[in-house]
Amino acid sequence: MELFGLPLETIYLYTLIISGVLTLLFILFGDILSGLEAPDYLNPVLILAFLTVFGASGYLFEKVTNLHSGLSAVISGCIALLIVSLLNIFILIPLSSAEESLSISESDLKGRIGKVLTSVPVDGFGEVLIESASGSIAKPAVSFDNEAIPEASIVLVIEVKNGVLHVLPHQQIEIG
């Protein structure tokens with residue numbers, strides 16, 4: 001069967017090559033498009049993966065089997081839809097939610113205990129290191145009560161404003 005004056009297997013092969021090249025370009029330069037807000041079903045990764053799988057399976061069906069061209073196109077479309085759905089459900093959605101869960105929001109830092117790396121002067125900035133099970137984070141800090149806090153002191157984060165920790169020296173209460 002021919003379409004646009006070309007054999008169908010040639011069209012499948014062109015689809016495979018072009019979508020494969022576009023996928024590679026998207027992997028390399030995809031951050032340029034990351035600012036565009038589009039619905040999830042218009043995700044370029046899903047569209048390019050569908051076209052790649054559709055082109056590959058369509059080419060194989062045309063080359064290897066004696067099925068009717070329309071039937072091989074329908075089967076190729078179903079295979080591509082199945083694979084892209086599995087890719088989205090088991091890889092892309094978990095990756096997008098995992099990326100968000102690894103970041104620390106400023107509100108999560110309130111009430112945390114940290115160690116002063118660079119002393120905090122009365123009216124200036126120092127640096128505090130906050131350690132957790134998932135890693136450490138160093139943030140600029142100011143004294144909450146405008147008092148100097150020496151290096152290596154243990155501090156308590158009272159609040160966070162504009163990425164700057166407002167801290168007080170931490171005093172443990174001993175019972176007993």
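The exercises below, each with a worked solution, concern a predicted model.

**Exercise 1.** Determine which strands make up the closed barrel, and in what order they run.

*Solution.* Begin with the pairing of strand S4 (residues 126–132) and strand S5 (residues 135–143), which is antiparallel and extends over seven bridges; within this pair, Glu131 has Ser136 of S5 as its bridge partner. Turn next to strand S3 (residues 113–118), which pairs with strand S6 (residues 154–161) in the antiparallel sense over three bridges, with Gly114 standing opposite Val155 in S6. The complete order of the five-stranded closed barrel is S3-S4-S5-S7-S6, and its pairing is mixed. Neighbouring strands of this sheet are turned against each other by 55 degrees on average, direction being ignored.

**Exercise 2.** Describe how S6 is joined to strand S7, and state what lies between the two.

*Solution.* Strand S7 (residues 164–169) runs antiparallel to S6, and six bridges join them; one position to inspect is Leu156, which stands opposite Leu168 in S7. The two strands form a hairpin with two residues between them, and in the turn Asn162 has a positive phi of about 55 degrees.

**Exercise 3.** Identify which helix gives the most to the nonpolar surface patch, and decide whether Leu24 is buried or exposed.

*Solution.* The patch covers about 1,200 Å², and its residues include Leu6, Tyr14, Leu24, Phe29 and Ile32. Helix H1 (residues 8–29) gives the most to this patch, with 10 residues, and Leu24 has its place in that helix. Because the relative accessibility of Leu24 is 52% and the cut-off for exposed is over 50%, Leu24 counts as exposed.

Conventions:
Residues are numbered from 1 along each chain as its sequence is written. This is a predicted model: local features need pLDDT of at least 70, side-chain atom pairs count only at pLDDT 80 or more; totals for chains, interfaces and linings use all residues. Side-chain values use heavy atoms; hydrogens and water are left out. Two strands pair if DSSP finds at least two bridges between them. Helices (H or I, at least four residues) and strands (E, at least two) are DSSP runs, numbered from the N terminus. Axes are lines fitted to C-alpha atoms, for helices over the stretch in contact, and angles run from 0 to 180 degrees between N-to-C directions. Patches are made of residues with over 30% relative accessible area and no salt bridge: like charges are joined within 9 Å, nonpolar side chains (Val, Leu, Ile, Met, Phe, Trp, Tyr) within 5 Å. Accessible areas come from the Shrake-Rupley method with a 1.4 Å probe; for residues, only the protein chains shown count as cover. A salt bridge is a side-chain nitrogen of Lys or Arg within 4 Å of a carboxyl oxygen of Asp or Glu. Buried means under 20% relative accessible area, exposed over 50%, partly exposed in between (1.4 Å probe, protein chains only).
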